[in-house]
Amino acid sequence: MLSQLRNVAKFPSSVNTLFVKCMHPKYSHTDGFLYPCFCYVNCPLFSKSCLCSVEPDNLTDVLEFLLLGFSDDPERQPLTFSLFLSMYVVTMLGNLLIILAVSSDSHLHTPMYVFLSILSVADIGFTSTTVPKVILDIQTHNRVISHAGCLIQLSFFYLFGCLDSVLLTVMAYDRFVAICYPLYYPVIMNPRLCRLLILVSFLISLLDSQLQCLIVSQLTFCTNVEIPHFFCDPPQLLKLSCNDTSTNKIFMYFIGGIFAGIPVSGILFSYTQILSSVLRVPSTGGKYKALSTCGSHLSVVCLYYGTGLGVYLGSTVSHSSRKDAVASVMYAVVAPMLNPFIYSLRNRDIKRALQRLLNRTA
C-alpha cells in the first residue's frame with residue numbers, strides 16, 4: 001500500500017516518507033461514499049500534506065462545514081439565542097438611528113457625520129454577516145454551512161471589517177484637518193474629496209476581502225469538517241485543511257498586516273499631529289474644546305482595535321478554540337453594538353438630532 005501511494009505521489013524511494021491514515025471511517029461526504037485520505041510527513045523537511053483518492057476540485061462541490069458554536073449543551077441554547085438576538089436587535093436599531101439622524105438633519109451634513117453614517121452601515125453589515133446565521137442555527141438545530149456559503153460569509157466578513165478599519169482612518173484624517181488646519185477645513189474636506197474617500201475605502205475593503213477569500217478557496221478538505229467557531233474563521237480553516245498551509249498562512253498574515261497596519265499607522269499619525277497641535281494652544285479651555293471633538297472617535301478606535309487585538313493575543317496564548325469563539329463575540333458583535341451609544345452619548349449634535357427625529361415620529 002505504501003509503495004502504491006509513493007508511486008501515485010511520485011516520490012522517490014530515497015525520501016523517507018511516513019504515511020498515516022488521517023480520516024476516521026465514520027466521516028463521509030454528502031453523496032454517501034467514503035473518500036480515504038492519507039497524510040504524509042516528509043521527515044527531513046518536516047512538511048505535511050495530504051493525498052486523496054479523488055480530485056480536490058471535485059471535493060469542494062459537495063463539501064460542508066459544521067459550525068460547532070459555543071456549547072453542545074441543549075440547556076444553554078435558549079440563553080445563547082436570547083443574547084445574540086437581543087444584541088443583534090440593539091445593533092440594528094442603534095446604527096439605523098444614527099443613519100436616520102444624520103440623513104434627516106441638515107446640520108449634520110458635514111464630512112464627519114457623513115463618515116459616521118457610512119461607519120454605521122458597515123457595522124450593520126459586519127454584524128449581519130455572522131449573527132443571523134448563529135440565531136438561525138440555534139432555532140433550526142442545523143449548524144451546517146456549505147463550502148460556497150462559507151466563502152460568501154468570509155468575503156463579507158472581511159469586506160465590512162476592513163471597511164470599518166479604513167473608515168476609522170478617514171475619520172481620524174478628518175479630525176486632523178479640522179484641528180490642525182481649521183481655516184482650510186471647508187476647502188480641503190470638500191464634497192468631492194469626501195465621496196472619493198468613501199469610494200476608495202470601499203475598493204480597498206473589497207480588495208482585501210477578495211484576496212482573503214482567494215487564499216481560503218485554495219485550501220483542500222478531504223471530508224466534511226467541524227469548525228469550533230460560530231462562523232467560518234480563516235485561522236480555523238487553515239488548521240483543518242488537508243494540504244500544506246504554510247504558504248497560505250504567510251500570504252494571509254502578510255495581507256492582513258498590510259490592510260490592518262496602514263490604517264493603524266494613519267490613525268497614529270493623525271492623533272500625533274493633533275496632540276502636537278493641541279499642546280500649543282495656550283488656554284486649558286481651548287485644549288479641552290479641541291480634544292472633545294475627538295473623544296467619540298478615539299473611544300470607538302480603542303474599542304475596535306482593543307477587542308480585535310485582545311482576540312488575536314488571546315488566540316495565541318489560549319489553545320481552546322471554544323474560548324477563542326467566545327472572545328470573538330467582543331470583536332464581531334459587541335463592538336458594533338456599542339458604537340452608536342458612544343457617539344450618541346458623547347456627542348451633543350447627535351443627541352439633538354435624535355431628539356428632533358423622535359419628536360417628528362411622536
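Select strands 4 (residues 64-67) and 5 (residues 144-146) to start: they pair in the antiparallel sense over three bridges. Strands here are DSSP runs of E with at least two residues, helices are runs of H or I with at least four, and both are numbered from the N terminus; two strands pair if DSSP finds at least two bridges between them. Phe65 is the residue to click, standing opposite Ile145 in strand 5.

A word on the model before moving on. It is predicted, so local features need pLDDT of at least 70 and side-chain atom pairs count only at pLDDT 80 or more, while totals for chains, interfaces and linings use all residues. Numbering runs from 1 along each chain as its sequence is written, and side-chain values use heavy atoms, with hydrogens and water left out.

Now add strand 6 (225-227). It runs parallel to strand 4, with three bridges joining the two, and Leu67 stands opposite Ile227. Show the side chains of strand 4 and you'll see them alternate: Phe65 and Leu67 point to one face and are buried, whereas Glu64 and Leu66 point to the other and are not. Buried means under 20% relative accessible area, exposed means over 50%, and partly exposed is in between (1.4 Å probe, protein chains only).

Next, hop to Cys150 and Cys232. A disulfide joins them, S to S 2.1 Å, and a search of the whole structure finds one such bond (the cut-off is a pair of cysteine sulfur atoms within 2.5 Å). Cys150 lies in helix 6 and Cys232 in the loop between strand 6 and helix 9 (234-240), so the pair ties together parts 82 residues apart in sequence. Cys150 is buried at 2% relative accessible area, and Cys232 is buried at 1%. For contrast, pick Cys180: its sulfur is 8.9 Å from the closest cysteine sulfur, in Cys294, too far for a bond.

Stay with helix 6 (residues 147-180), which supplies the largest share, 18 residues, of the largest nonpolar core. That core has 83 residues, and Phe65, Phe84, Leu116, Phe230, Leu237, Val329 and Ile350 have the most contacts inside it. (A nonpolar core is a set of buried Ala, Val, Leu, Ile, Met, Phe, Trp, Tyr and Cys residues joined through side-chain atoms within 4.5 Å.) Center on Ile350: leaving out residues up to four places away in sequence, it touches Ile98, Val102, Leu108, Tyr113, Leu116, Tyr343 and Ser344, where contact means heavy atoms within 4.5 Å.

Time for the rings. The structure holds twelve aromatic pairs; rings of Phe, Tyr and Trp (its six-membered ring) pair if their centres lie within 6.5 Å, with planes under 30 degrees apart counted as stacked, over 60 as edge-to-face and the rest as tilted. Phe126 and Tyr331 have ring centres 5.7 Å apart and planes at 90°, so the pair is edge-to-face. This pair links helix 4 (residues 111-128) with helix 13 (residues 321-346), 205 residues apart. Both Phe126 and Tyr331 are buried. Phe157 and Tyr158 are also edge-to-face, 6.1 Å centre to centre with 85° between the planes. To see the cluster that ring pairs link up, select Phe84, Phe126, Phe157, Tyr158, Phe230, Phe231, Tyr304, Tyr305 and Tyr331.

Last stop: Gln210 in helix 8 (residues 191-217). Gln210 is partly exposed, with a relative accessible area of 41%. Draw a distance to Leu151 and the C-alpha atoms come out 9.9 Å apart, though the two residues are 59 apart along the chain.
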